[in-house]
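Student: I am new to this structure, and I would like to know what the words used for it rest on. Could we look at it together?

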Amino acid sequence: MADSLAPACTPLKQEYDSCFNLWFEGYLEPTLANATETSRKAHYARKAEEFEAKCGKVYKEYQACLQGAVKERGIEPMLQQAREEHPLKEAPPLLPKEKK
Amino acid sequence: MKFFATTYHYDDPWSIVTLAFFLRYPNPYASHVLSCDVVSRSVSPSGTLLTTRLILKRGAMPRWFPKGIVTRAESWVVEETEVDPIGRVVSCKTRNLDHVKIMQVEESVVFKSLPDGRTLQHTEARVRSAFGWGLTKRIEAHGLSKFKANMQRSREGVSLVLQLLRQSRLQPLGLGPESTLSLPAPPPSSPVGPSDSGTPTPDCRTQNTWSSRLKSWLRRA
């Protein structure tokens with residue numbers, strides 16, 4: 001739980017990290033060894049909903065704080081470019097509120 | 001371009017290694033990490049977790065590097081991670097966003113669950129310089145040797161966090177006194193020369209901060 005790039009966002013960041021870490025431990029648990037594809041998908045869809053319900057609010061607050069700081073520091077164009085050249089197979093969908 | 005690849009085994013299962021990897025900042029081996037933020041996170045339709053983090057790292061230029069070109073010895077790094085809980089694989093790609101003409105370092109780390117319960121870590125690095133002035137090769141060689149030294153420290157950082165996680169799972173938390181989680185001895189000071197101040201020298205003050213933060217989270221769990 002390192003500090004945020006903007007000291008003003010650090011408390012929100014840490015609150016969010018704590019929430020995420022608790023959820024993440026459960027998400028990593030090996031389950032459904034003999035589960036079907038469909039039930040697996042349903043399981044992880046439920047996990048995603050659970051995450052949204054538990055940590056969604058503090059995540060939005062943290063992101064709102066962070067986005068202001070990222071703009072102020074002029075990191076945004078650099079970050080945007082890096083996101084476009086995303087090295088992962090599946091590009092993470094940008095949350096609607098992340099768009100300017 | 002310089003390329004480097006290596007593998008390493010953790011004796012711990014994949015889920016705890018993955019957790020430690022996500023929790024690795026801050027730790028006393030990573031005092032060069034100034035900040036770390038999540039800029040995007042989502043669960044994909046296939047159930048994998050995608051995370052983008054923006055990290056600010058403090059570095060240092062080697063003594064032989066021309067003065068006045070880099071005024072700010074800090075670098076923004078973007079880290080893209082995909083966690084696949086079904087296939088038990090984490091893949092993580094990291095690269096610096098600034099100073100890229102001087103040196104671009106791309107790191108790729110994969111953590112895979114092994115049938116014997118251990119975890120395999122495979123690391124690859126590509127170091128590229130487009131600096132010119134007869135320094136390209138020297139910059140790449142320097143970047144690679146620093147990468148190797150930092151990789152060792154990063155592994156020690158993950159191992160330290162792993163140790164705390166292991167202890168926390170053996171003991172019922174929230175019941176015992178604060179002192180039940182014992183910390184390992186502070187790591188030895190950095191073995192590299194003064195020009196490499198980007199390689200962190202562990203600091204007891206930061207150790208207290210990071211461990212109490214981690215412990216307070218473990219207690220909540």
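Tutor: Here are some questions and answers about the two chains.

Tutor: This is a predicted model, in which local features need pLDDT of at least 70 and side-chain atom pairs count only at pLDDT 80 or more, while totals for chains, interfaces and linings use all residues. Residues are numbered from 1 along each chain as its sequence is written, and chains are lettered from A and ligands numbered from 1 in the order in which they are written.

Student: How do you know how many residues of chain A are in contact with chain B?

Tutor: Two residues are in contact if their C-beta atoms, placed from the backbone, lie within 7 Å. By that test, 35 residues of chain A touch 35 residues of chain B. The largest share of chain A's side, eight residues, comes from α1(A).

Student: What makes residues on that side of chain A nonpolar, polar or charged?

Tutor: Ala, Val, Leu, Ile, Met, Phe, Trp, Tyr, Cys and Pro count as nonpolar, Asp, Glu, Lys and Arg as charged, and the others, Gly among them, as polar. Sorted this way, the side has 21 nonpolar, four polar and ten charged residues.

Student: Why is strand β3 of chain B called mostly covered?

Tutor: A strand is a DSSP run of E with at least two residues, a helix one of H or I with at least four, and both are numbered from the N terminus. A residue is buried if 20 or more other C-beta atoms lie within 10 Å of its own, exposed if 12 or fewer, and partly exposed in between, with C-beta atoms placed from the backbone. In β3(B), residues 49-58, eight of the ten residues are buried, so the strand is mostly covered.

Student: How do you know that β2(B) and β3(B) pair?

Tutor: Pairing needs at least two bridges found by DSSP. β2(B), residues 33-43, and β3(B) have nine, in the antiparallel sense, so they pair. One partnership joins Val38(B) to Arg53(B). β3(B) also pairs with β4(B), residues 74-84, in the antiparallel sense over ten bridges. There, Lys57(B) has Ser75(B) as its bridge partner.

Student: Which element of chain B has the lowest mean pLDDT, and which the highest?

Tutor: pLDDT is the predictor's confidence in each residue, from 0 to 100. Helix α3(B), residues 204-220, has the lowest mean, 62, and strand β7(B), residues 119-128, the highest, 95. Over residues 189-201 of chain B the pLDDT is below 50. Where pLDDT is low, the predicted coordinates should not be read in detail.
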